[in-house]
Amino acid sequence: INAFNEMNHSAIFSILRLYGFPDADIALMTRLYYHTFLFIGNRFGNSAACFLSRGAPQGADPSPVISNIAFNMIHVIARVCARGCTAHGLAPSGSSGYADDASAVRF
């Protein structure tokens, strides 16, 4: 799981609704991600725009929080189902994400 390039934007907005985020906040996030694009530039010029329907822009302020909120659901399900891995004799953590791509979020 890679937090920054795996998440479908529609799924992000659905998860925010499920968590009970206000409609105004979801509308703001929708505008933020709508028609997001990137291009590659080098000494020969720029590529065509590549519009993104997945992922969170790495380095953007909301991206780590959005990633954690989106993937927290997976971690909770894994924990409740007693899935996961052991680390140095510890009980299963229920977390299979990378340390920098995951965290627990409580509401």
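Begin with the whole chain in view: the protein holds three helices and four strands, and the model you are looking at is a predicted one. Coloured from the N terminus on, the elements run α-α-β-β-β-β-α. Of the 107 residues in the protein, 24% are buried, and if you draw the contacts with a separation of 6 or more, residues 24 or more positions apart account for 58% of them.

**First selection: helix α2**

Select residues 23–33, which form helix α2, and show the side chains of Ile26, Met29 and Tyr33, the buried residues of this helix. Turn the view until you look down the axis of α2; its buried residues fall within an arc of 60°, so they line one face of the helix. The background to this pattern is that an α-helix has 3.6 residues a turn, so residues three or four places apart point the same way. Now rotate to the face of α2 turned away from its buried side, where the exposed residues Asp23, Ala24 and Arg31 are carried. To find what covers the buried residues of α2, add α1 (9–18) and α3 (63–80), which are included in that cover.

**Second selection: α1 against α2**

Keep α1 and α2 on screen and hide the rest for a moment. Their axes lie 10 Å apart and the two helices pack at an angle of about 170°; α1 and α2 are therefore roughly antiparallel to each other. On the α1 side, pick His9, Phe13, Leu16 and Arg17, which meet Ile26, Met29, Thr30 and Tyr33 in α2. Sorted by type, the residues of this contact of α1 with α2 divide into five nonpolar, two polar and one charged.

**Third selection: α1 against α3**

Next, bring α3 back beside α1, and note that the axes of these two helices come within 10 Å and cross at roughly 75°, so that α1 and α3 are roughly perpendicular to each other. The contact is made by Ile12, Ile15, Leu16 and Leu18 of α1 together with Ile66, Ile69, Ala70 and Met73 of α3. Here the residues of the contact divide into eight nonpolar, no polar and no charged. Leu16 deserves a separate label, since this residue of α1 takes part in the contact with α3 and also appears in the contact with α2.

**Fourth selection: the loop after α2**

Return to the end of α2 and step along the chain: just after the helix, histidine 35 takes a positive phi of about 60°. Then select threonine 36, which has its place in the loop between α2 and β1 (37–38). Is threonine 36 buried or exposed? With a relative accessible area of 15%, threonine 36 is buried, the cut-off for that term being under 20%. Draw a distance from the side chain of threonine 36 to the backbone oxygen of tyrosine 33, and you will find 2.8 Å. Leaving aside residues up to four places away in sequence, threonine 36 touches Cys50, Phe51 and Leu52.

**Last selection: alanine 48**

Finally, go to the loop between β3 (45–46) and β4 (50–51), where alanine 48 is found. Alanine 48 has a relative accessible area of 65% and is exposed, a term that applies over 50%. Which residues does alanine 48 touch, not counting those up to four places away in sequence? They are Leu38 and Phe39. A distance drawn between the C-alpha atoms of alanine 48 and leucine 38, ten residues apart along the chain, gives a separation of 8.6 Å.

Methods:
Residues are numbered from 1 along each chain as its sequence is written. This is a predicted model: local features need pLDDT of at least 70, side-chain atom pairs count only at pLDDT 80 or more; totals for chains, interfaces and linings use all residues. Side-chain values use heavy atoms; hydrogens and water are left out. Buried means under 20% relative accessible area, exposed over 50%, partly exposed in between (1.4 Å probe, protein chains only). The arc is that of the directions from the helix axis to the C-beta atoms. Contact means heavy atoms within 4.5 Å. Axes are lines fitted to C-alpha atoms, for helices over the stretch in contact, and angles run from 0 to 180 degrees between N-to-C directions. Angles under 35 degrees count as roughly parallel, over 145 as roughly antiparallel, 65 to 115 as roughly perpendicular and the rest as oblique. Ala, Val, Leu, Ile, Met, Phe, Trp, Tyr, Cys and Pro count as nonpolar, Asp, Glu, Lys and Arg as charged, and the others, Gly among them, as polar. A polar contact is a pair of N or O atoms within 3.5 Å; within protein, one must be able to donate a hydrogen and the other to accept it, and residues adjacent in sequence count only if both atoms are side-chain atoms.
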